[in-house]
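Reader: I should like to learn how to read a salt bridge in a protein model. Please take me through the general idea and then the case at hand.

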Amino acid sequence: MNTFIALTLCALLSQEDGSKSQARDLIEKLRSNKLEERENATRKLKELGQAAIPELEKATKDADLDVRGRVTGILAEIRLVNELVTKA
């Protein structure tokens with residue numbers, strides 16, 4: 001039983017690290033000169049949902065105004081969806 005719990009915790013921590021890394025990579029793609037790449041990154045960050053919030057919050061202080069604006073919108077949408085789901 002203890003082995004199962006340890007393996008489950010390791011899997012969860014690994015997923016969390018993967019989500020953070022994925023969120024950072026996607027935030028970096030928000031800098032792309034290609035609209036399609038920025039739009040895809042935006043969509044994928046929204047799909048990550050709450051897992052992306054810590055990295056998105058860091059990006060609200062980004063030097064790039066466009067990145068900050070996009071990130072602020074993504075955060076607002078994720079929080080709204082979470083609020084609606086919680087109330088349902």
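Reader: Which side chains does Glu55 meet in a salt bridge?

Author: A salt bridge is a side-chain nitrogen of Lys or Arg within 4 Å of a carboxyl oxygen of Asp or Glu. In this predicted model, the side chain of Glu55 pairs with that of Arg24 at 3.5 Å, N to O. Glu55 belongs to helix α3 (residues 53–59) and Arg24 to helix α1, so the pair ties together parts 31 residues apart in sequence. Helices are DSSP runs of H or I with at least four residues, numbered from the N terminus.

Reader: Is Glu55 buried or exposed?

Author: Buried means under 20% relative accessible area, exposed over 50%, and partly exposed in between, with a 1.4 Å probe and protein chains only. Glu55 has 6% relative accessibility and therefore counts as buried, whereas Arg24, at 44%, is partly exposed.

Reader: How many salt bridges does the structure hold?

Author: The structure holds nine. Among them is the bridge between Asp62 and Arg31, with the closest N and O atoms 2.4 Å apart. Asp62 sits in the loop between α3 and α4 (65–87), and Arg31 in the loop between α1 and α2 (35–48). Asp62 is buried at 15%; Arg31 is partly exposed at 34%.

Reader: On what basis should I read these values?

Author: Residues are numbered from 1 along each chain as its sequence is written, and side-chain values use heavy atoms, leaving out hydrogens and water. Local features need pLDDT of at least 70, side-chain atom pairs count only at pLDDT 80 or more, and totals for chains, interfaces and linings use all residues.

Note on methods:
Helix = DSSP H or I, 4+ residues; strand = E, 2+ residues; numbered from the N terminus.
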